[in-house]
Amino acid sequence: MKIAMIGGGYVGLVSGACFAAFGATVTLVEKEEHRLASFQRGDIPLYEPGLDALFTEQKAHNRLTFCGNIAEGLQKAEIVFIAVGTPARRGSGYADLNYVYAAAREIAEAATHDLLIVTKSTVPVGTGRKVHDIVKSLRPDLDISVASNPEFLREGQAISDFMNPDRVIIGLDRKTHDKGEKAKALLTALYHPLDHLGSKLVFMELESAELTKYAANAFLAMKVTFANEIADICEVTGADSDEVHHAMGLDPRIGPDFLTPGPGFGGSCFPKDTQALAVTARKAGTPSQLVETTIASNEDRKRRLAEKILTFLGDDLTHTRTVAILGLTFKANTDDMRQSPSLTLLPLLHEAGVSLRVYDPYGMSQAKALLPREVYFAPDALGALKGADLLVILTEWEEFLHIQPSELQASMKGRIIVDYRGLWKNKELPSYGFTYHCIGKKTKLP
Ligand code: NAD
Ligand code: UGA
């Protein structure tokens, strides 16, 4: 089967490479020139474990090709996926659908034969229907139908999520003359290589598929936020959040996932999708208090974390206080800096006069453009620790696990560690003279 993928970001590139591995012939259309040139050279401009090898393999087999022109991408394609960005609109927080509608218009203008357009981007309920109207008004001569296939992959484990999904959601337009049956058959054939996993395809109405994506992301964001609030209660009451969350997760009605507390959820999706769902709900006249509180609690958390660090540093302003930060990305195993908690926390510390020394294994080049220019970007973790009064761990990169207490002693000036990922909870830090503040636990003093 020949398909076109519009947009070569995290989702378009991973989905395109995985569909190629399923046996489809994929043409990825990317309009950003540098990105396209990099694909054509054989480089991928983002960090996602395993993607390099899959990309190289599928490119070598000619199952994955790239172009900048939709007309070229659509040649002989039976399905065209829209995988462009849907960022939060400044001000309102609603999803910016300009890229989606522009792609729909470009597809309609370039199409030469009947097609199925599938939105893979996360789009508010009702968007697929609007895409259909745009395309129909521009090309009444063709039979172009729409479907929704929201993507549930996580950055950092995107390929295994795509290849072993819990479910594949497919929203069909039942208002067409064939009641969506042709779209169903095409998508069933495309996902056929997943048959060995059992029946993973879940068919539903177009609108239900669109809303399922937001409901799932908002629920997970809410679960993380709840875990964070419980961790805060643990810290002051002497309960241990590892024990509490583990025991909660044993109840199958709750489940163990997404109960690990941290510095607040970030990333390109939870923050924007919770905002967009809140706006959708308000517009529909049924505001979601839970979603709105989740957003507010998460924002507040990052500010409170900055205040906590300043309290640990004390109010002796006779010398410049230096803080080392390990980890800048919103989670480990990605270079994505979008809405990372570090982007709120670090400017607050900088404004309070703190000197910052930072290190992240993959996020530094994206972070440099987003953080105050006075921030020192160290070449490695130990370089960031040099002379620091206090160390904060913000991202759970595995390489930080290997840092030894003796190395901390030799590099740092101060003896305070604030571990917002609980990464070093098994290290004997107090016996090396460190005050160790671990998320969800009472502070351990030397
Ligand atoms: P992204 O911003 O990283 O990439 C989008 C790409 O599309 C960019 O490279 C851009 O240049 C390109 N593009 C935009 N308009 C185009 C056009 N008309 N023709 C060709 N190329 C065009 O976005 P992303 O992170 O891949 O996310 C895409 C969508 O998938 C969003 O709706 C997002 O919410 C959703 N999603 C993302 C993830 C994730 O982990 N990043 C996971 C699931 C769903
Ligand atoms: C999330 C969803 O998990 C995916 O299913 C979805 O496809 C994607 O959004 C999307 O729509 O784009 P992602 O943003 O890659 O995936 O990352 P997650 O692993 O979900 O983490 C999101 C944030 O929550 C991170 O900041 C992470 O550190 C935080 N988190 C997650 C915790 O603090 N604790 C947890 O237990 C889990």
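**View 1. An open six-stranded sheet in the predicted model**. The six strands follow the order 11-10-9-12-13-14 and pair in the parallel sense. Strand 11 (376-377) and strand 14 (435-438) form the edges; each has a single partner strand, so one side of each lacks a neighbour in the sheet.

**View 2. Pairing of strand 13 with strand 14**. Strand 13 comprises residues 416-419 and is joined to strand 14 by four bridges, in the parallel sense. Val 418 has His 437 of strand 14 as its bridge partner.

**View 3. Helix 12 across the sheet strands**. Helix 12, spanning residues 289-313, lies across strand 9 (322-326), strand 12 (390-393), strand 13 and strand 14. The helix runs at about 155° to strand 12.

**View 4. The residues surrounding ligand 1**. The shell around ligand 1 consists of 26 residues, of which Glu 30, Thr 86, Thr 122, Glu 155 and Lys 272 are the closest. By residue class, this shell divides into 10 charged, eight polar and eight nonpolar residues.

**View 5. Polar atom pairs between ligand 1 and the protein**. A polar backbone atom of Tyr 10 is 3.0 Å from an oxygen atom of ligand 1. In the side chain of Glu 106, an N or O atom lies 3.4 Å from a nitrogen atom of the ligand. Arg 338 places a polar side-chain atom 2.9 Å from an oxygen atom of ligand 1. Ligand 1 exposes 830 Å² when taken alone, and the protein buries 90% of that area.

Definitions and conventions: Residues numbered from 1 in each chain as written. Chains lettered and ligands numbered in written order. Predicted model: local features only at pLDDT ≥ 70, side-chain atom pairs only at ≥ 80, totals over all residues. Heavy atoms only, no water. Near = heavy atom within 4 Å. Polar contact = N/O pair within 3.5 Å; in protein donor to acceptor, adjacent residues only side chain to side chain. Areas by Shrake-Rupley, 256 points an atom, 1.4 Å probe, with all protein chains shown as cover. Nonpolar A, V, L, I, M, F, W, Y, C, P; charged D, E, K, R; others polar. Pairing = 2+ DSSP bridges. Helix = DSSP H or I, 4+ residues; strand = E, 2+ residues; numbered from the N terminus. Contact = heavy atoms within 4.5 Å. Axes fitted to C-alpha atoms, helices over the stretch in contact; angles between N-to-C directions.
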